[in-house]
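I opened this notebook to record what I looked up in the model: confidence, then pockets, then enclosed space. The entries follow in that order.

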Amino acid sequence: MCKLAAVNRVINTFCRCAAGAVILIIMLLVFAEVISRYILGLSHEFVPAISSWCMVWMTYFMLGVIHKARQHISIDILPNRLPLQYRTPLLTLFDVISLIFAILLCYGGTIYDLMVRQSDIYAVTVQFIPMWIVRICVPLGGVFLALFSCEHLINDARYLIKRTKVEP
Amino acid sequence: MLVFGTVVFAVLLVSGVPIFMAFALGGLIIITMHMGLPLYNIGIFFFDSIDSWIMLAVPLFMLAGQLMVESGMGKALVDALSGFIGRVPGGIAISAIVASAFVGALAGQNLAVLGSVGVVLFPAMMAAKYDRGYSGGVLCASSQLGFLIPPSVVFIIYGYLTQTSVAKLFIAGIIPGILLTVLLSIPAIIIARRRQFPPMPRVSRQEQKSRIIRAIPSIMMPIIILGGIYGGVFTPTEAASVACVYALIIGAFVYRQLTWKTIWASAIEAARLTSIILILFCGVMLLGRAINIIGLPQVIGNWVVSGGVTATVFLVLLCVAFIVLGMIMDAFAMVAVLPVVMPAVQVLGVNTIHLGVIFVVASMIGTMTPPAAAAIYFTGSMFSIPTTEIIRGVLPFLVIMIISLFIFVFIPDIATWLPKTMFG
């Protein structure tokens, strides 16, 4: 558990920093395109594609980070109304569902990515980056989500075991 | 399998699982088990749904909003406006409403508006002996103007989903935004007179002049954004990047509030807020595809035609549905309804720009209606006000917003006149 928590801490910091850097890169790329078009009269076709891909990568960098802080939008009326002793099992169930979802995302993303790799597809406007590298962010996001879901699950299990020991 | 998928979706949604997972898992069950499509569709939807130049405006406007809060641009604007309006009865509350409209034109979302306006005017309201619930209610309601006054993040998402011009939607939000600002000021004046709230302390002419000069760079920002979009100088996405750079320059060199640390914190916060919205959007698109495959939108379209439902009646029903959904869902999750109703909207010939304004106002109401009232909870946590007090405080403004919503339904020109005039 300690090792998983330590790994997750590193991933958490990395993902936050990467997402922060990516959003600043997007800002600079798009602004540079505006300047280039109006001052130099040059328009670069790759800017919309690359900046959009950066946005998708940023989303998947933050997917696990947001899950770790339980900040994804949810209808939390039921968990908030439940007494504490029922809330933790419910949260554990949510983490199991999150883990299943993360595995599906990872599996589906990987299968599709492999198909793209076999087809050797490139974007029309960006000929120097193969699409399978661009699309790998989806399974990667699934891996991050799975790691943080596992950490939640272990924490929930520890809490439940501790409570069961105290209650009798 | 269709029933199973629907049940899974409904159970996950109400039990409190993150909405994007409920949408995605429900949608995935329907498209894989009912329609027999391969599982790797999740990989396609969770990339292609957000790989868009239009959607790129969302993170950039989020970043612009965060930078605007940190740079002191919002504060300068609030100071200048409160000097003008603060002396009338209920002046601080009206200042909050008008300032929210102006800051909304810089920020594009409600949280940045609440951050900028509330930080300055909540202490002023407390000093003037306004009660906490009412103060929280004013700030909570007025900050929602950030959704309607352009640039608005909800308009961008709506535009992308319904293939409507974001520039036209931005322009369409101006008149309803101004109208709503005026209408929200009415209960603020009435309540202030009835409870005899004192006005703000008088500001000398010299001080007022210096406040206005200080606010000029802030006032220029919406002019640059909207002027640039309308003048065809740049697209909404490019306008968002220009807004970010402008906020950076003004914050660092004019107001001297931005440091590397605050810029970095703003970038991470903007990335966090954007990711919450974009991942939810992936779920919405997957569920929308599943709903399309099973033919629900066509069923609704046929029902509308065979039932002789008029466009106005349909919009009224839609408003009621949006308000009810808003009680349990966030504004960004409510976009899931749009793919379902779009065929009916097209059959009835409803203007999608008109529908966009209605959708945004309904979303504003939704974020303030308990039990799932994100705006109320956020205001409460920001200013340490109990939720029940804010709900009481927000009620008069909520009534005004609901009335405004139906005004916008019955008079479409309020939303459509300006884009029609400007874009033809």
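**Entry 1: confidence.** I began with chain B, where the mean confidence runs from a low of 81 in H1(B) to a high of 94 in helix H19 (residues 352-366) of chain B. The model is a predicted one, and I noted that chain B has an average pLDDT of 89, with 100% of its residues scoring at least 70. For the complex, I copied down the predictor's ipTM of 0.93 and its pTM of 0.89.

**Entry 2: the largest pocket.** I next looked up the pockets and found that the largest has a volume of about 1,300 Å³. I listed 46 residues in its lining, and those nearest its centre are Gln71(A), His72(A) and Ile73(A), together with Asp330(B) and Ala374(B). I then asked which elements each supply at least two residues of this lining. From chain A they are helix H3 (77-81) and helix H4 (84-119); from chain B they are helix H4 (57-71), helix H7 (110-127), helix H15 (260-294) and helix H20 (374-383). Sorting the lining of the largest pocket by class, I recorded 25 nonpolar, 13 polar and eight charged residues.

**Entry 3: the second largest pocket.** For the second largest pocket I noted a volume of about 490 Å³. Its lining consists of 19 residues, and Ile291(B), Leu296(B), Ala336(B), Val337(B) and Val340(B) are the closest to its centre. Two or more lining residues come from each of these chain B elements: helix H1 (2-15), helix H2 (19-34), H15, helix H16 (296-306), helix H17 (311-328) and helix H18 (337-348). I checked which of them gives the most, and H17(B) does, with five residues. By class, I recorded 18 nonpolar residues and one polar residue in this lining, and no charged ones. I also noted that H1(B), one of the contributors, is where confidence in chain B is lowest.

**Entry 4: enclosed space.** How many cavities of 30 Å³ or more does a search of the whole structure find? I found one. The largest cavity holds about 30 Å³ of space. I wrote down its lining as Gly109(A), Tyr112(A), Asp113(A), Arg135(A) and Val138(A) from chain A, with Gly43(B) and Phe47(B) from chain B. H4 of chain A and helix H3 (41-48) of chain B are the elements that give two or more residues here. H4(A) has the largest share, three residues. By class, I counted three nonpolar, two polar and two charged residues around the largest cavity.

How values were computed: Residues are numbered from 1 along each chain as its sequence is written. Chains are lettered from A and ligands numbered from 1 in the order in which they are written. This is a predicted model: local features need pLDDT of at least 70, side-chain atom pairs count only at pLDDT 80 or more; totals for chains, interfaces and linings use all residues. Side-chain values use heavy atoms; hydrogens and water are left out. On a 1 Å grid over the protein atoms alone, a cavity is a set of points where a 1.4 Å probe fits but cannot get out, and a pocket is an open set with protein on both sides within 12 Å along at least five of seven lines; lining residues have an atom within 4 Å of a point. Grid points are joined across faces, edges and corners, and a volume is the space filled by probe spheres set on the points. Helices (H or I, at least four residues) and strands (E, at least two) are DSSP runs, numbered from the N terminus. Ala, Val, Leu, Ile, Met, Phe, Trp, Tyr, Cys and Pro count as nonpolar, Asp, Glu, Lys and Arg as charged, and the others, Gly among them, as polar. pLDDT is the predictor's confidence in each residue, from 0 to 100.
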